[in-house]
Amino acid sequence: MLDNRKKIRRITISGIVMAIIIVQSLFPMLGYVPIGLINLTTIHITVIIVAILFGPFEGIIAGTTWGVFSFINAWTRPTSLVQTLVFTNPLVSVVPRIIVGILAAIIYKRLSHFGLVARSALTALICSMLNTILVLGTIYIGFRTPAVAQAYGLKNPELLGNLLLGVVGTNGIPEAILAGVVVPIIVKSLSVVLRKNNLD
């Protein structure tokens with residue numbers, strides 16, 4: 001009976017997580033926060049929180065959902081030429097997000113000697129930067145072509161590395177800081193609720 005309850009809980013949580021991430025993916029203001037000239041991704045925060053609270057299986061579900069909808073959006077409603085040229089490849093749009101979903105759960109577990117807030121913050125910082133590095137690294141390794149360089153406004157594909165490093169500074173670091181602040185707050189609050197309802 002207990003196993004059935006766990007299965008039902010896991011299916012329910014996975015369904016809720018998928019629904020949240022789909023909504024974030026379909027409504028840009030929920031998944032991407034415009035700050036000045038940049039858009040900070042927030043969907044990774046949802047993925048990291050889910051992986052921390054529920055484990056690697058739910059983390060995989062969350063990361064896969066995020067990646068699949070990044071892939072779909074790149075085909076159906078791209079916001080830039082770069083998205084069309086690059087994110088239509090699942091190695092860029094899907095695989096890094098799955099890895100983040102798995103590793104968030106593993107890293108959080110490995111940091112058990114820290115308190116909940118510190119564990120959550122460190123996991124969020126590491127996984128947020130990991131997502132940025134995996135996505136931009138894959139672009140640099142596999143898509144250093146004249147077409148992609150031109151889409152970024154560059155004439156020389158060899159300058160793509162410098163531009164991507166700039167993106168790490170303008171987007172990657174602020175996203176990591178945002179995740180490092182928000183994730184511990186939500187994880188701490190939800191942990192209390194889950195314990196009260198015996199769902200942890």
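## Close-up views of a predicted model

**View 1. Val-181 sits in helix α10, which runs over residues 160-196.** Keep in mind that what you're looking at here, and in every view below, is a predicted model. With a relative accessibility of 48%, Val-181 goes down as partly exposed, because that label covers values between 20% and 50%. Val-181 also belongs to a nonpolar patch on the surface, together with Ile-173, Ile-177, Ile-185, Ile-186 and Leu-190. Taken together, the patch residues offer about 500 Å² of accessible area.

**View 2. Ala-179 is another residue of helix α10, and this one is buried.** Its relative accessibility is 0%, so Ala-179 falls under the 20% cut-off for buried residues. What does Ala-179 touch once its neighbours within four places in sequence are left aside? The contacts are His-44, Ile-45, Ala-124, Ser-128 and Pro-184. For a sense of scale, pick Thr-76, which is 103 residues from Ala-179 along the chain. The C-alpha atoms of Ala-179 and Thr-76 are separated by 28 Å.

**View 3. Leu-164, also placed in helix α10, has Tyr-140 among its contacts.** Is Leu-164 buried or exposed? Its relative accessibility is 4%, so Leu-164 counts as buried. Skipping the neighbours within four places in sequence, Leu-164 is in contact with Leu-136, Ile-139, Tyr-140 and Tyr-152. Leu-164 and Tyr-140 are 24 residues apart in sequence, and their C-alpha atoms are 7.7 Å apart in space. Tyr-140 has a charged partner too: the charged end of Arg-144 sits over the Tyr-140 ring, 4.3 Å from the ring centre.

**View 4. Thr-132 is tucked into helix α8 (residues 116-142) as a buried residue.** The relative accessible area of Thr-132 comes to 6%, which puts it in the buried class. Which residues does Thr-132 contact, leaving aside those within four places in sequence? They are Gly-137, Val-168, Gly-172 and Glu-175. Of these contacts, Val-168, Gly-172 and Glu-175 have numbers that fall in the 160-196 stretch of helix α10.

**View 5. Gln-24 lies in helix α1 (residues 2-26) and is buried.** It's a glutamine with a relative accessibility of 9%, so Gln-24 gets the buried label. Not counting residues up to four places away in sequence, Gln-24 touches Leu-30, Gly-31, Thr-42, Ile-43 and Thr-46. For a longer-range marker, Gln-24 and Gln-83 are 59 residues apart along the chain, with 17 Å separating their C-alpha atoms.

**View 6. Phe-71 and Trp-75 make an aromatic pair in helix α4.** How many aromatic pairs turn up in the model? The count comes to one. In that pair, the rings of Phe-71 and Trp-75 are 6.3 Å apart centre to centre, with 70° between the planes. That angle makes the arrangement edge-to-face, because the planes are over 60 degrees apart. Phe-71 and Trp-75 are four residues apart in helix α4 (residues 56-76), or about one turn of the helix. Phe-71 is partly exposed, at 27% relative accessible area, whereas Trp-75 is exposed, at 56%.

**View 7. Arg-97 places its charged end over the ring of Trp-66.** The distance from that charged end to the centre of the Trp-66 ring is 4.2 Å. Compare it with the Arg-144 and Tyr-140 arrangement from View 3, where the distance to the ring centre is 4.3 Å.

Notes: Residues are numbered from 1 along each chain as its sequence is written. This is a predicted model: local features need pLDDT of at least 70, side-chain atom pairs count only at pLDDT 80 or more; totals for chains, interfaces and linings use all residues. Side-chain values use heavy atoms; hydrogens and water are left out. Patches are made of residues with over 30% relative accessible area and no salt bridge: like charges are joined within 9 Å, nonpolar side chains (Val, Leu, Ile, Met, Phe, Trp, Tyr) within 5 Å. Accessible areas come from the Shrake-Rupley method with a 1.4 Å probe; for residues, only the protein chains shown count as cover. A salt bridge is a side-chain nitrogen of Lys or Arg within 4 Å of a carboxyl oxygen of Asp or Glu. Helices (H or I, at least four residues) and strands (E, at least two) are DSSP runs, numbered from the N terminus. Buried means under 20% relative accessible area, exposed over 50%, partly exposed in between (1.4 Å probe, protein chains only). Contact means heavy atoms within 4.5 Å. Rings of Phe, Tyr and Trp (its six-membered ring) pair if their centres lie within 6.5 Å; planes under 30 degrees apart count as stacked, over 60 as edge-to-face and the rest as tilted. A charge sits over a ring if NZ of Lys or CZ of Arg is within 6 Å of the ring centre and within 35 degrees of the ring normal.
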